Number of protein chains: 2
Amino acid sequence: MPHSYTRETAAEGVESALKFIEGRWKLVILFHLFGGHVLRFSDLERAIPGISQKMLSQQLRQMEKDGMVRRIVHPTVPPKVDYCLTEWGQALCPALDALLTWGAQRETMSAAAQTEKA
Amino acid sequence: MPHSYTRETAAEGVESALKFIEGRWKLVILFHLFGGHVLRFSDLERAIPGISQKMLSQQLRQMEKDGMVRRIVHPTVPPKVDYCLTEWGQALCPALDALLTWGAQRETMSAAAQTEKA
DNA sequence: CAGTATCCCTGATGATACTG
DNA sequence: CAGTATCATCAGGGATACTG
């Protein structure tokens, strides 16, 4: 690791990074917006089965506040609101990819087949 | 991303990877074991202020079950138990580093200074 | 030393209903 | 359409006490 972190600050740093993507629906939303997609509230609602309006709204607000998502309100009737990722939001991609890769190594790298779990 | 995942399976893949490191103390424990360190239960207890025996034990058990941590029991009196990372546990390092890097980019990349939050 | 066993409490999420 | 408001639920975690 090319950083000058101590164990403690590194752990804290990762923890605070994780806070941005923790939340039952954040990753699903993220993956729908990756690639520069611009989606309306109702698009996301339809794209994500099982999510409630409350949760969709709540997670989007947090992500907006955190600076991952941009919210664009069109002052029309009926209302229209677009969502897309910020530059920083897009920048999450490599990190998630690294996580994906790590997870995929589990079967490969585990010396002995441990307990199976979902 | 060099993978052949759909949005949905990618989100699920990352979610399941995240489950392995979710837990109030997992990352702190991880960072104490990175670098091949071998620590006893009491070492970790002392190294991690604020953790209770219940939590330390619980998190270690999960990590062991998940295949990230190896638990070595020495059949002595009094008992002695060593903990270290498995190969797969060590392999988490690059992913956490990517997360750290992403988090660190927040101030740099955010167009406008958004709401400040811990 | 290295844990278990209990009890409690809070925050995150879900279900449902209502609105500018 | 794009939300907000309320209420109910539940798992994760904390505090404390006990044990092979």
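A polar contact here is a pair of N or O atoms within 3.5 Å. That cut-off is handy to keep in mind for this predicted model, in which two protein chains meet two DNA strands. For instance, a polar side-chain atom of Trp25(B) sits 3.0 Å from a phosphate oxygen of DNA strand D.

**The protein chain**

Let's start with chain A, whose secondary structure amounts to 6 helices and 3 strands. Along the sequence these elements follow the order α-α-β-α-α-β-β-α-α. Chain A has 118 residues, and 42% of them are buried. Its accessible surface is about 6300 Å², with 54% belonging to carbon and sulfur atoms. Looking at contacts in chain A between residues at least 6 apart in sequence, 49% connect residues at least 24 apart.

**How the two copies are arranged**

Chain B can be superposed on chain A by a rotation of 180° with 0.0 Å of shift along the axis, giving an RMSD of 0.0 Å. The two copies are therefore related as by a two-fold rotation axis. Both copies use the same surface, since 100% of the contact residues of chain B recur in chain A. Within chain B, the residue closest to the rotation axis is Ala95(B), with its C-alpha at 3.0 Å.

A good place to look at the meeting of the chains is Ala91(A), found in the loop between α5 (87-90) and α6 (93-109) of chain A. Apart from its neighbours within four places in sequence, Ala91(A) touches Trp102(B), Gln105(B) and Met109(B). Within chain A, the C-alpha atoms of Ala91(A) and Phe34(A) are 9.7 Å apart, although 57 residues separate the two along the chain.

**Around DNA strand C**

Which residues come closest to DNA strand C? Of the 20 residues that surround this strand, the closest are Arg24(A), Lys54(A), Gln53(B), Arg71(B) and Tyr83(B). On the DNA side, sugar and phosphate make up 60% of the strand C atoms that come within 4 Å of the protein.

The elements that each supply at least two residues to the surface near DNA strand C are α4 (53-66) of chain A and, from chain B, α3 (41-47), α4 (53-66) and β3 (80-85). The biggest contributor is α4(B), with 4 residues. By type, the surface near strand C divides into 8 nonpolar, 5 polar and 7 charged residues.

**Around DNA strand D**

DNA strand D also has 20 residues around it, and Ser57(A), Arg71(A), Tyr83(A), Arg24(B) and Lys54(B) come nearest. Here sugar and phosphate account for 63% of the strand D atoms within 4 Å of the protein.

For strand D, α4(A) provides the largest share of the nearby surface, 4 residues. The residues of that surface divide into 8 nonpolar, 5 polar and 7 charged.

**Polar contacts with the DNA**

The table gathers some of the polar contacts to the two strands.

| Protein atom | DNA atom | Distance |
|---|---|---|
| Trp25(A), side-chain N or O | strand C, phosphate oxygen | 2.9 Å |
| Arg40(B), polar side-chain atom | strand C, sugar or linking oxygen | 2.8 Å |
| Tyr83(B), side-chain N or O | strand C, phosphate oxygen | 2.5 Å |
| Pro79(A), backbone N or O | strand D, sugar or linking oxygen | 3.2 Å |
| Tyr83(A), polar side-chain atom | strand D, phosphate oxygen | 2.6 Å |

To find these in the viewer, you could begin with Tyr83(B), which reaches a phosphate oxygen of strand C, and then turn to Tyr83(A), which reaches a phosphate oxygen of strand D.

Definitions and conventions
Residues numbered from 1 in each chain as written. Chains lettered and ligands numbered in written order. Predicted model: local features only at pLDDT ≥ 70, side-chain atom pairs only at ≥ 80, totals over all residues. Heavy atoms only, no water. Contact = heavy atoms within 4.5 Å. Least-squares fit on C-alpha atoms with pLDDT ≥ 70 in both. Buried < 20%, exposed > 50% of the residue type's maximum accessible area, 1.4 Å probe, protein only. Areas by Shrake-Rupley, 256 points an atom, 1.4 Å probe, with all protein chains shown as cover. Near = heavy atom within 4 Å. Polar contact = N/O pair within 3.5 Å; in protein donor to acceptor, adjacent residues only side chain to side chain. Nonpolar A, V, L, I, M, F, W, Y, C, P; charged D, E, K, R; others polar.
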